[in-house]
Amino acid sequence: MVQERRTDPWSALLDEGLKDGRLVCEAHEGPGRAKLVDPIPELHPDVLAALHRLGVEQLYSHQAQAVRSAWQGPTIITTGTASGKSMCFNLPTLDVLCRDARARALYLYPTKALAQDQARALARFGLTKRVRPAIYDGDTPREARAEIRRNANVVLTNPDMLHVGILPNHAAWADLFANLAVVVVDEAHVYRGVFGSHVANVLRRLRRIAAAYGTEPRFLLTSATIANPVELAERLTGLEQVGVIEEDGSPAPGRRIAVWNPPLTDAELGLRRSTLAEAAELLARLTREGARTICFMKSRKGVELLSRLVKRDLEGTHPELAELVAPYRAGYTPQQRRELEGRLTRGELRAVITTDALELGIDVGELDAAVVVTFPGTVASLRQMWGRAGRSSIPRRERGLALYVAGEDALDQFFARHPEEFLERPVEAAILDHESPLIFRAHLRCAAHEGPLSGDDGEFLGPRWEAQAEVLVSAGELRRRPAGGDRRDEKNRESPAGGELSAGTYVPRQHGGYPAADVSLRSASPDSFAIVDVSSGELLGSTESSRAHSTVHEGAIYLHLGQSYSVSELDLDRRRALVAPFDGDWYTQPKRETDTSIVSLLDRREALGVTLSFGEVSVTDTVLAYQRRRVSDHASLDLVALDLPPTSFATQALWFELDAGALSETIPLEVLLGALHATEHAQIAVLPLIAMCDRWDIGGLSTNFHPQTGAATIFLYDGHPGGIGIARTAFTRFEELCNDAHALIAECPCSGGCPSCVQSPKCGNLNEPLSKAGARLLLEGMLAAVAAPAVGAPL
Ligand SMILES: [Zn+2]
Ligand SMILES: [Zn+2]
């Protein structure tokens, strides 16, 4: 064992790191033996023959279990990266298609590239007579579309196309819906938060339309490892009793896991050596030692800087190796991508550096080493990237290296001190809320357009849809059609979802509208701003109006899929932001004034000695100015004033009140506000540990006197209009949240607060005032409140 370890390309490097303290944690995984079983004899003979042709004599145990589970009911598969998950849904699908010439299947992928990979995988089965896959997305030529609708029996598409192109035109897809046997939702963990809340509604609309054509398709889902796969599948589809396959029967590659923290250069200020410089040194070293490495970073800018640093490092000693390091960018044609991936797989390239936005689309199988530079946002995606490491190209070595290089952000440093959170604690739960009011109502409008809403729809839309439909009636979007219908709606009554109802139905107020076109699956509110790249004229995306002022104000630097853009104009009247690609070395942080007012109380409990409330709030935000800050050291360059009107939105929040009088015994009044503010920041920083979200999805407000509570109060709210379940999760798991926030603060070596603990990159007050010591006392007081009774409690 020891000998083998010495001969791995990274052995010496890790030994050094262990000595000087940069390697803060290491662990070993696998190798594990494959659990193999014979192919299931009940599969259709043609499928068995195809497996035989492919050289698949045996299946991994989870693949066989998945097939049997798929025959029983809806199923989600959550085995590891590269464990052959596609086989788990392809086999039952192919089986159905071979048995029933009319049967059809729909495969949903979050990206076009993944749909292309899957179409190729299906083609490899060689069942050309029975299986006719086709990709149907925005790139599909118009002239090919009718043929696909008629003939393809596996339609590969994405949720956006299903939402805007297929469901509203269900009549043109009548044959697909009437014979829809299987719906595959691959990479389901991607569907969380706002996007997930939308997709959950799209899938309910899909079930509803399928039912109107007389079918009830079987849903098969896959997901990366998350804490709540069954809950995710049930929330996404609205189905109950989803089976889960999580025991991985594929051979686990042997893997060494290493958590690496750049050394402190100034403990007082909490400064560390730059993560980029540290990562460049590591990558150059791995390249020299002969490892084939893939490296992930958040931003394209970071990818380019890192590639340059690694090349420069290698040019000094091994100029021939510098050629073997390449960045992998968005915007490559599929052919360029395949070529690069091929060179990497064959070992003609040693290191590829890419943004994590592309992680889902890169097809390189496994390499020797996977290096993740700064925390990618969720442990689930970190693990997925790590999963690339393991299949060593070096003869007779079995170990891969999965390396994480911590950045300076609070979560990065939290993990560097608690690596077990990465390695042992169940990873985050994927959260979504299909009933988030604005999202839900948007899809009710779409559903009503697809067929009148009737009493039967509770089965698909949930028990509370009618109350929301009434809201839409009041808003003039829908109208109630009395029982039996009326003459004006003759046409609608032919719609298969119409039904004959004594209670009447809801139909669009206006004929001829196309509501799906107004609903973006990436935005919580229909009320959004378009973001247009003026250099290409391309529409990059949209942002909720509640966020437009703070994210795409004039002068803002805006990050999209790892690329930076600068905003030249925010046009409030035409609701759009004009942007252009940006190369400078600064970013921007808005300064804003926020008010929250409590609209209604939904739940309340006593926790940690405070009264903890959950409810609806209205958040009013005025963006006053923005600060330009240098990327390399975050130094403030200047403050530029803005003149923007206030915006407000309704959302969900938790809040807790503190007794300032009692606190004043430990926390002087003049630091109270700083203590509350720092506590709020720390709680927001660690909330992604329990809810799978980004700190940018969460807002906060702390005040030493709130007019409605009459006390010092901290609010944490869902940053998206209507809320998507984040605040509710924080309310339910408040004790954990406070524990983690306390650990974050208490363990940070800095003296007065730093970006790794209480400073926030998104603070609207530009991190003023903050009291790290005060927040520590405050949280300690709360945690002691729960510990205290236990001391004297009888056994
Ligand atoms: Zn700190
Ligand atoms: Zn703040």
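**Arg346 counts as exposed, with a relative accessibility of 56%, and is shown here with its partner Glu348.** The model is a predicted one, and this close-up presents the salt bridge in which the side chains of Glu348 and Arg346 meet, at 2.8 Å from N to O. Glu348, for its part, counts as partly exposed, because its relative accessibility is 39%, a value that lies between the 20% limit for buried residues and the 50% limit for exposed ones. In general, side chains of opposite charge can pair when their charged atoms come close.

**Asp20, Arg22, Arg273, Glu278 and Glu281 form one network, joined by salt bridges that share partners.** Within this view, the salt bridge between Arg22 and Asp20 can be followed in detail, as the closest N and O atoms of the two residues are 3.1 Å apart. Is Arg22 buried or exposed? Arg22 is buried, because its relative accessible area is 12% and the limit for a buried residue is set at under 20%. Asp20, on the other side of the pair, is partly exposed, with a relative accessible area of 45%. Across the model, the count of salt bridges comes to 35.

**Asp313 and Arg288 meet through their side chains in a salt bridge, at 3.2 Å from N to O.** Asp313 lies in helix α13, which covers residues 300–317, while Arg288 lies in helix α12, which covers residues 275–288, so the pair ties together parts that are 25 residues apart in sequence. Both ends can be described by their accessibility: Asp313 is partly exposed, with a relative accessible area of 30%, and Arg288 also counts as partly exposed, at 29% relative accessibility.

**The zinc ion (ligand 1) is held by the SG atoms of Cys748, Cys750, Cys754 and Cys757.** These coordinating atoms lie at 2.2 to 2.3 Å from the zinc ion (ligand 1), and along the chain the donor residues follow the spacing C-x1-C-x3-C-x2-C. What geometry does the site of the zinc ion (ligand 1) have? The site is tetrahedral, with angles of 101 to 116° among the 4 donor atoms; four donors count as tetrahedral if all angles lie between 85 and 135 degrees. For comparison, the ideal angle at a metal with four tetrahedral donors is 109.5 degrees. Among the donor residues, Cys750 counts as buried because its relative accessibility is 6%, and Cys754 counts as buried as well, at 1% relative accessibility.

**The zinc ion (ligand 2) is coordinated by His677, His681 and Cys763.** The two histidines contribute their NE2 atoms and Cys763 contributes its SG atom, at 2.1 to 2.3 Å, and the spacing of these donors along the chain is H-x3-H-x81-C. His681 is part of helix α25 (residues 669–686), whereas Cys763 belongs to the loop between α27 (734–747) and α28 (772–792), so this pair ties together parts that are 82 residues apart in sequence. Both His681 and Cys763 are buried.

**Pro769 follows a cis peptide bond that joins it to Glu768.** The omega angle of this bond is about -20°, and Pro769 has its place in the loop between α27 and α28, the loop in which Cys763 of the zinc ion (ligand 2) site also lies.

**Arg575 and Leu608 are each seen in a loop between two strands, with a positive phi in a residue that is not glycine.** For Arg575, phi is near 50°, and the residue lies in the loop between β24 (563–571) and β25 (576–581). Leu608 has a phi of about 50°, and is placed in the loop between β26 (586–607) and β27 (610–630). In accessibility, Arg575 counts as partly exposed, at 31%, whereas Leu608 is buried, with a relative accessible area of 6%.

**His44 is shown with its surroundings in the loop between β2 (36–37) and α3 (45–53).** Which residues does His44 touch, not counting residues up to four places away in sequence? The contacts of His44 are Asp95, Cys98, Arg99 and Arg130. His44 counts as buried, because its relative accessibility is 12%, and buried means under 20%.

Notes
Residues numbered from 1 in each chain as written. Chains lettered and ligands numbered in written order. Predicted model: local features only at pLDDT ≥ 70, side-chain atom pairs only at ≥ 80, totals over all residues. Heavy atoms only, no water. Donors = N, O, S within 2.8 Å, 3.2 Å for Na, K, Ca; no water. Tetrahedral: all angles 85-135°; square planar, octahedral: opposite > 155°, others 65-115°. Buried < 20%, exposed > 50% of the residue type's maximum accessible area, 1.4 Å probe, protein only. Helix = DSSP H or I, 4+ residues; strand = E, 2+ residues; numbered from the N terminus. Contact = heavy atoms within 4.5 Å. Salt bridge = Lys/Arg side-chain N within 4 Å of Asp/Glu carboxyl O.
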